[in-house]
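Biologist: Hey, I have a new structure to learn my way around. Can you walk me through it?

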Amino acid sequence: MNDSTAEPTAGQTVGPASGQTAGPASGPPSGPASPAAPAAIPPPLRPRRRLAAWAAGLLMVVPAVVAGCRALDTDAVTPVPQLLSFLPWLTLPAGLALLLAAAARRRALTFVSVLVLGGTAWASVPYMPQTVISYGLPLARVKVIAANVEFGEGTGSLVDAVRRERPQLVFVSECDRACRSTLTGTFADELPHYASLEGEGSVGSIVLSSYPLRDWREIPATMGMPGATAEIAGVPVRVQLAHPMPPVPGQVALWKRELGRVKTAVAAAPSGPMLVAGDFNASQDHAAFRAILAAGGLQDAARRANESRLPTWPAEGPVPPFVQIDHVLVRDFSVREVRVLGLAGSDHRAVVADLDLRGPR
C-alpha cells in the first residue's frame with residue numbers, strides 16, 4: 001500500500017488542524033528580546049528660535065534682580081542701587097523678553113518671562129506709606145522750592161525762578177560762597193532769614209526763609225545739610241535740607257550712611273509739622289529713601305499731588321531726565337500742587353510745591 005502521508009519539505013509546516021502546509025514562518029526569530037524603542041526626543045530648536053530663547057533669558061536678568069530687591073526692600077550692593085533708578089524703564093526689556101520667549105515657543109521660558117514682567121510692573125507702582133492722614137484747619141499757604149544749582153552754575157536761573165514764583169522757603173544744594181552771597185543779597189527783603197553751611201563746589205548749602213529761623217542744626221555729611229525751626233503762623237515747623245552723597249560705585253556704603261543720618265534726624269525731631277527737601281540722590285524705589293519717609297511719618301509731596309515720578313535728573317546732556325531724586329517731603333501739610341522747573345546751568349530740575357500748613361487734628 002502507498003502511504004498517503006507525505007513528509008513536509010524544508011520551509012513548510014503542518015497546520016494544526018488540517019495537516020495542510022503553510023508558508024514560511026513570519027514571526028520573529030527565537031532569541032533574546034529586542035530593547036524597547038527610546039522615548040521621543042523633541043527636535044532641536046531652529047537657530048533663530050534658539051537665539052530668541054537666549055536673548056529672552058538675558059533680557060530678564062536685570063529686571064528680575066532689580067524687581068526682586070525692590071520687593072525685598074533692600075538696596076543691596078552695586079550695581080543694584082544704580083539700576084533701581086531705572087526701575088520703571090526696566091519693564092521695556094522685560095516686555096521684550098516675553099515677546100522673544102513666545103517667539104521661541106518655549107512654554108517654561110514664556111511663563112518665567114510673564115512672572116518677571118509682572119513683578120517689574122508691580123515694583124514700579126508709585127510708593128506711598130500706609131498711613132491715615134487727618135488734617136486740621138489750614139493755617140498758612142506755603143510755597144517751597146528745592147533746587148540743586150550744580151556748583152553754583154544755576155544760581156542766575158534760580159534767582160529768576162524765585163522772583164517769578166515768590167516762595168516762602170527755598171532749599172538750595174551745591175550753593176558755593178558766590179551763590180550764597182548772590183541769594184542773600186538779592187532777596188534780603190523777601191527772604192531775610194537763612195540757615196547755611198559755607199563751602200565751595202558741592203559742599204555749600206542754604207535754606208532761605210521769609211519766616212524767622214531758630215535752633216540751627218546740621219546733619220553731618222560730606223555735603224552741607226543745614227536745618228532750623230521756622231515759625232509759620234505761630235507754629236514751629238522743622239525745616240531740613242537733605243543732600244547725601246550719590247550712590248556711585250565705590251561709595252554706596254557712604255550714600256546709605258548719610259541717608260541713614262537723615263532718617264535718624266527726622267525720627268528724633270519733635271512731633272509736629274516738618275519739611276525735608278533737597279537733592280536726596282535717591283528715588284522712591286530706593287529702600288534707604290523709603291526708610292526716611294517711614295521714620296518721620298513723612299509724605300512725598302509729588303506723590304500726594306498725584307505727580308509721582310516727576311523726572312528731575314539729568315537735566316543736561318543727550319539723555320532726557322528719567323528719575324526723580326529731588327523731593328519735598330511733608331508732615332502736617334496738605335499739598336495743592338507740585339511741578340518742576342528747568343534751571344539753566346544745572347543738571348537738576350527744581351521742584352516747586354504749593355502747600356497748606358494744617359492745624360492740630
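**A chat about the contacts**

Modeller: Sure, let's start with a charged pair: Arg 214 and Glu 231 form a salt bridge, with their closest N and O atoms 2.9 Å apart. This is a predicted model, by the way.

Biologist: Where do Arg 214 and Glu 231 lie in the chain?

Modeller: Arg 214 is in strand β7 (residues 213–218) and Glu 231 is in strand β8 (residues 226–232), so the pair ties together parts that are 17 residues apart in sequence.

Biologist: And are Arg 214 and Glu 231 buried, exposed or partly exposed?

Modeller: Arg 214 is partly exposed, at 41% relative accessibility. Glu 231 is partly exposed too, with a relative accessible area of 27%.

Biologist: How many salt bridges does the structure hold?

Modeller: The count is 15. One of them joins Asp 285 to Arg 70, and there the closest N and O atoms are 4.0 Å apart.

Biologist: What parts does the pair of Asp 285 and Arg 70 tie together?

Modeller: Asp 285 sits in the loop between β10 (274–279) and α8 (287–296), while Arg 70 belongs to helix α1 (residues 47–71), so the bridge ties together parts that are 215 residues apart in sequence.

Biologist: Buried or exposed, those two?

Modeller: Asp 285 is buried, with a relative accessible area of 2%. Arg 70 is buried as well, at 11%.

Biologist: Got another one for me?

Modeller: Try Glu 165 and Arg 339, whose side chains meet in a salt bridge at 2.6 Å, N to O. Glu 165 is in helix α5 (residues 155–165) and Arg 339 is in strand β13 (residues 333–342), so this pair ties together parts that are 174 residues apart in sequence.

Biologist: How accessible are Glu 165 and Arg 339?

Modeller: Glu 165 counts as buried, at 11% relative accessibility. Arg 339 is partly exposed, with a relative accessible area of 24%.

Biologist: Which residues do salt bridges with shared partners join into one network?

Modeller: Lys 143, Glu 165, Glu 337, Arg 339 and Asp 354. You've already met Glu 165 and Arg 339 from that network.

Biologist: OK, new topic: aromatics. How many aromatic pairs are found in the whole structure?

Modeller: A search of the whole structure gives three. In one of them, the rings of Phe 86 and Phe 322 have their centres 4.7 Å apart and their planes at 15 degrees, so that pair is stacked.

Biologist: Why do you give me both a distance and an angle?

Modeller: A pair of aromatic rings is described by the distance of the centres and the angle of the planes.

Biologist: Fair enough. And where do Phe 86 and Phe 322 lie?

Modeller: Phe 86 is in the loop between α2 (80–84) and α3 (91–104), and Phe 322 is in the loop between α9 (301–304) and β12 (326–331). They are 236 residues apart, so the pair links distant parts of the chain.

Biologist: Are Phe 86 and Phe 322 buried or partly exposed?

Modeller: One of each: Phe 86 is partly exposed, with a relative accessible area of 35%, while Phe 322 counts as buried at 18% relative accessibility. Phe 322 also pairs with Trp 313, where the ring centres are 6.1 Å apart and the planes at 65 degrees, so that pair is edge-to-face.

Biologist: What do Phe 86, Trp 313 and Phe 322 form?

Modeller: One aromatic cluster. Trp 313 in that cluster is partly exposed, with a relative accessible area of 31%.

Biologist: Which residue lies over the face of Tyr 127?

Modeller: That's Arg 290, at 5.7 Å from the ring centre.

Biologist: Switching again: where is Ser 346, and is it buried or exposed?

Modeller: Ser 346 is in the loop between β13 and β14 (349–358). Ser 346 is buried, with a relative accessible area of 1%.

Biologist: What does the side chain of Ser 346 reach?

Modeller: The Ser 346 side chain reaches the backbone oxygen of Asn 148 at 2.5 Å and the backbone nitrogen of His 348 at 3.1 Å. Leaving aside neighbours within four places in sequence, Ser 346 has contacts that include Val 149, Gly 154 and Ala 315.

Biologist: Last one: how many helices and strands does the chain have, and how much is buried?

Modeller: The chain has nine helices and 14 strands, and 46% of its 361 residues count as buried.

Key:
Residues numbered from 1 in each chain as written. Predicted model: local features only at pLDDT ≥ 70, side-chain atom pairs only at ≥ 80, totals over all residues. Heavy atoms only, no water. Helix = DSSP H or I, 4+ residues; strand = E, 2+ residues; numbered from the N terminus. Buried < 20%, exposed > 50% of the residue type's maximum accessible area, 1.4 Å probe, protein only. Polar contact = N/O pair within 3.5 Å; in protein donor to acceptor, adjacent residues only side chain to side chain. Contact = heavy atoms within 4.5 Å. Phe/Tyr/Trp six-rings, centres within 6.5 Å; stacked < 30°, edge-to-face > 60°. Lys NZ or Arg CZ within 6 Å of the ring centre and 35° of its normal.
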